[in-house]
Amino acid sequence: MIILPAIDIKDGNCVRLFKGDFSTVEKVASNYMETAKEFELAGASWIHMVDLDGAKEGRPVNRKIYEDVAANTHLNVEVGGGIRNLETIAEYLKSGVKRVILGSAALKNPKLVKDAVVKFGSDHIAVGIDSKNGMVATDGWLMQSNVDELTLIKEMIKIGIRYFIVTDISKDGTLSGVNINQLKGLFEATDGKCNIIASGGVHTIEDIQKCKELGLYGTICGKSLYKGTLDLHKAILLAEGVN
């Protein structure tokens, strides 16, 4: 399993939200590049980055930040937020970003997702499944749909998606532990046909252990790293099975 430390960007700052609520924005680091390099020194091979402004506006807002990290670290950059067309995907991948995340677009424009997989390959495209009570949320989590998460995942698998970032919004930024029942249900229901990345609620090394035991592809860690309840280096060693 891989560990993906997270940096969310709003107004150019490294921030975290509580349950996806933009009114709870909290600055957690002073410099995105210094933070990314700290993650790299701790042994991270991937970094999960979200353009919160982009998610709200439906277009990339902080793109230069992600491109900067991709160009000036050895980290594999995974980025989402406001990606709504093939041109944006192409620009990100050309700049060195390894994987882009389609969230709202997966629900509103599945043709875009299919075209992206065909054009860029399944290794470079992920779908973000953000849900409240099992129902998919969109537009920076501001809107809730009437589509359940498993239905959307199965539809995306059919068109070639292999990577899913699954977030329980009620857990995000709460340090209350991962929703292991949700993750287990989705993992079993998809028969291991996709790579699930858990997001939301990670608090301690026990959460990493649970995700690893479940057989997930990856786990995203954000607030737990900034608050010091999780040691990134130890989490990586556990995830990779290094004693």
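Let me start with one side chain: Arg99 lies over the face of Trp46, 4.2 Å from the ring centre. This is a predicted model, so every value I give is computed from it. Arg99 has a second ring to deal with. Its charged end also sits over the ring of Tyr163, at 4.4 Å from the centre of that ring.

Stay with Tyr163 for a moment. Is Tyr163 buried or exposed? Its relative accessibility is 8%, and the cut-off for buried is under 20%, so Tyr163 counts as buried.

Tyr163 also takes part in an aromatic pair. The structure holds three aromatic pairs, and one of them joins Tyr163 and Tyr217. A pair of aromatic rings is described by the distance of the centres and the angle of the planes. Here the centres are 5.2 Å apart and the planes stand at 65°, an edge-to-face arrangement. Where do the two residues of this pair lie? Tyr163 is in strand 10, residues 163-168, while Tyr217 is in the loop between helix 9 (205-214) and strand 12 (218-221). The pair therefore ties together parts that are 54 residues apart in sequence.

Now the chain as a whole. It has 11 helices and 12 strands. The radius of gyration is 16 Å, close to the 18 Å that the globule rule gives for 243 residues, so the chain is as compact as a globular protein of that length. Along the principal axes, the C-alpha trace spans about 40 × 40 × 35 Å. Of the 243 residues, 53% are buried. The accessible surface comes to about 10,500 Å², and carbon and sulfur atoms account for 48% of it. As for contacts between residues at least 6 apart in sequence, 67% of them join residues at least 24 apart.

Last, one helix. Which residues of helix 4, residues 86-94, are buried? They are Thr88, Ile89, Tyr92 and Leu93. Looking down the axis of helix 4, these buried residues fall within an arc of 130°, so they line one face of the helix. The face turned away from that buried side carries the exposed residues Glu87 and Lys94.

What do the buried residues of helix 4 pack against? Their partners are helix 3 (63-72), strand 5 (76-80), strand 6 (99-102), helix 6 (110-120) and strand 7 (125-132).

To return to the start: Arg99 is placed over the rings of both Trp46 and Tyr163, and Tyr163 in turn pairs edge-to-face with Tyr217.

How values were computed:
Residues numbered from 1 in each chain as written. Predicted model: local features only at pLDDT ≥ 70, side-chain atom pairs only at ≥ 80, totals over all residues. Heavy atoms only, no water. Phe/Tyr/Trp six-rings, centres within 6.5 Å; stacked < 30°, edge-to-face > 60°. Helix = DSSP H or I, 4+ residues; strand = E, 2+ residues; numbered from the N terminus. Buried < 20%, exposed > 50% of the residue type's maximum accessible area, 1.4 Å probe, protein only. Lys NZ or Arg CZ within 6 Å of the ring centre and 35° of its normal. Rg over C-alpha atoms; globule rule 2.2 N^0.38 Å. Contact = heavy atoms within 4.5 Å. Areas by Shrake-Rupley, 256 points an atom, 1.4 Å probe, with all protein chains shown as cover. Arc of directions from axis to C-beta.
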